[in-house]
Amino acid sequence: MSTFLALVASLFAGFGEPESLSLTDVRFTLGVFGPPRADTKVLPGDRLVVSFDIAGITADEDGKILYSIGTELSDSKGKLLFRQPQRNQETIAALGGGRLPAFAQVDVGLDQPAGNYTLKATVKDRASDKSASLTRSFTVLPRAFGLVRLSASRDPDDQLPAFLPAVGQTVWLHLTVVGFERDKDGGQPNVLLEVRIRDEQGKVTTARPLSGTVNKDVPGDAQALPMQFPVLLNRGGKFTLELKATDKVSGKSVEFSHPFGVRSHR
C-alpha cells in the first residue's frame with residue numbers, strides 16, 4: 001500500500017475573457033490558500049499544499065466553467081508513485097474576473113521514506129480543450145518530533161479556510177504532533193503544547209500562554225496527535241503566533257512562529 005495516504009486537487013473558479021490557459025502564482029502554503037510555507041521540506045505525516053491561480057479558463061454566458069484536473073506523484077528517479085486521473089468537474093463563476101484560485105494537496109504517510117519527490121498537476125479546459133501543467137519538487141525528511149499539518153479555518157472541521165481574518169471572527173488553528181515517544185510504564189505519550197500571541201511591539205497578549213497536555217487515552221497504535229484550538233479575534237492589528245510543543249518523555253521540543261494580521265472594521 002502506498003504510504004502517501006491521499007492526493008487531492010480542488011478548484012474554485014471565476015469568469016474572465018478568453019486567453020491562453022496558464023497556471024500562475026504557484027506557491028507552497030500552510031493549508032488551503034494559507035500563508036506561504038517557509039520551505040519545501042516536510043516531515044512524515046505532514047500535508048503539503050500547492051496553491052496557484054488558473055488564468056484563461058472558458059466560461060459560457062451563464063458563467064458555467066467545465067474543467068478537469070489530474071495529479072501525479074513521482075520519486076527522485078522519476079518513478080510514478082501515484083496518479084489521480086483527470087476528473088470532470090464544473091462550477092459557476094459568480095464574481096467574474098478571469099482567475100481561478102486552485103490547489104493540489106499531498107498527504108504524506110507516516111512511514112514515507114525520506115527523499116525528494118515531484119508533484120505534477122494538470123488542468124484541462126473542457127470547453128476549449130486546452131491544458132496547462134505545473135510541477136513542483138519537495139523533500140520528505142527523516143522521521144522526527146515535530147509539528148505538521150498547520151492550518152487555520154473558520155470552522156472546527158477545517159473545511160473553510162480563514163484567508164481574510166477580521167475582527168469578530170473566531171479562527172480555528174489546527175496542527176498535528178508526530179514523532180513523540182511513550183513512557184515505559186503506562187505506554188502513553190506526554191506532550192505539552194503552548195500557544196502565545198504577540199502584538200506588533202512584541203508584547204504577549206496574555207500573561208500566561210494557552211496550554212494543553214496530551215498524556216492519556218491515546219490508542220497504542222496512534223503515531224500522530226491532532227490538536228485544534230479556537231482564537232477569538234477581538235481586535236485588529238498585526239500579531240505573531242508562537243507555538244511550542246514539548247515531548248516530556250524524550251525531552252525534545254519544537255517551536256513554530258508566523259506573523260498574521262487581523263482586519264479592523266474601521
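**Notebook: salt bridges, sheets and a cavity**

Entry 1. I began with E72, which counts as partly exposed because its relative accessibility is 27%, a value that lies between the limits of 20% for buried and 50% for exposed. I note at once that the model is predicted. I then looked up the partner of E72: its side chain meets that of R83 in a salt bridge, with 3.2 Å from N to O. E72 belongs to strand β5 (residues 64-75) and R83 to strand β6 (residues 80-92), so this pair ties together parts that are 11 residues apart in sequence.

Entry 2. Which residue forms a salt bridge with E242? I found R198, with the closest N and O atoms 2.9 Å apart. This pair links distant parts of the chain, for E242 is in strand β15 (residues 237-247) and R198 in strand β12 (residues 191-198), 44 residues apart. I checked the accessibility of both partners. E242 is partly exposed, because its relative accessibility is 23%. R198 has a relative accessible area of 27% and is therefore partly exposed as well.

Entry 3. I next asked which residues are joined into one network by salt bridges that share partners. They are R47, D107 and R149. I recorded one bridge of this group in detail: R47 pairs with D107, and their closest N and O atoms are 2.6 Å apart. R47 sits in strand β4 (residues 47-55) and D107 in strand β7 (residues 99-107), so that distant parts of the chain, 60 residues apart, are linked.

Are R47 and D107 buried or exposed? R47 counts as partly exposed because its relative accessibility is 28%. D107 counts as buried because its value is 9%, which is under the limit of 20%. For the structure as a whole, I noted that the search finds 8 salt bridges.

Entry 4. I stayed with R149 and looked up its backbone. Its phi is near 55°, a positive value in a residue other than glycine. R149 is found in strand β10, residues 146-153.

Entry 5. From R149 I moved to the sheet that contains β10. The order of this open sheet of 3 strands is β10-β11-β14, and the pairing is antiparallel. Which strands stand at the edges? They are β10 and β14; each has a single partner strand, so one side of each is left without a neighbour in the sheet. From one strand to the next, the twist averages 20°. I recorded that β10 pairs with strand β11 (residues 170-178) in the antiparallel sense over 6 bridges. As an example of a bridge, A152 has L173 in β11 as its partner. I add a general remark for my own reference: strands of a sheet pair through backbone hydrogen bonds, either parallel or antiparallel.

Entry 6. I then looked up a sheet that includes β12 and β15, the strands of R198 and E242. It is an open sheet of 4 strands in the order β13-β12-β15-β16, with antiparallel pairing. β13 and β16 (253-262) stand at its edges with a single partner strand each, so one side of each is left without a neighbour in the sheet. On average, neighbouring strands here are turned by 15° against each other, direction ignored. How many bridges join β12 to β15? I noted 8, and the two strands run antiparallel. Within this pairing, the bridge partner of V195 is L243 in β15.

Entry 7. I looked at D217 next. It has a positive phi of about 60° although it is not a glycine. Its place is the loop between β13 (210-214) and β14 (224-232). D217 counts as exposed because its relative accessibility is 70%, and the limit for exposed is over 50%.

Entry 8. Last, I looked for enclosed space. A search of the whole structure finds 1 cavity of 30 Å³ or more. The volume of the largest cavity is about 50 Å³. Which residues line it? I listed P44, L110, R143, A144, V178 and G179. By class, this lining has 4 nonpolar, 1 polar and 1 charged residues.

Methods: Residues are numbered from 1 along each chain as its sequence is written. This is a predicted model: local features need pLDDT of at least 70, side-chain atom pairs count only at pLDDT 80 or more; totals for chains, interfaces and linings use all residues. Side-chain values use heavy atoms; hydrogens and water are left out. Buried means under 20% relative accessible area, exposed over 50%, partly exposed in between (1.4 Å probe, protein chains only). On a 1 Å grid over the protein atoms alone, a cavity is a set of points where a 1.4 Å probe fits but cannot get out, and a pocket is an open set with protein on both sides within 12 Å along at least five of seven lines; lining residues have an atom within 4 Å of a point. Grid points are joined across faces, edges and corners, and a volume is the space filled by probe spheres set on the points. Ala, Val, Leu, Ile, Met, Phe, Trp, Tyr, Cys and Pro count as nonpolar, Asp, Glu, Lys and Arg as charged, and the others, Gly among them, as polar. A salt bridge is a side-chain nitrogen of Lys or Arg within 4 Å of a carboxyl oxygen of Asp or Glu. Two strands pair if DSSP finds at least two bridges between them. Axes are lines fitted to C-alpha atoms, for helices over the stretch in contact, and angles run from 0 to 180 degrees between N-to-C directions.
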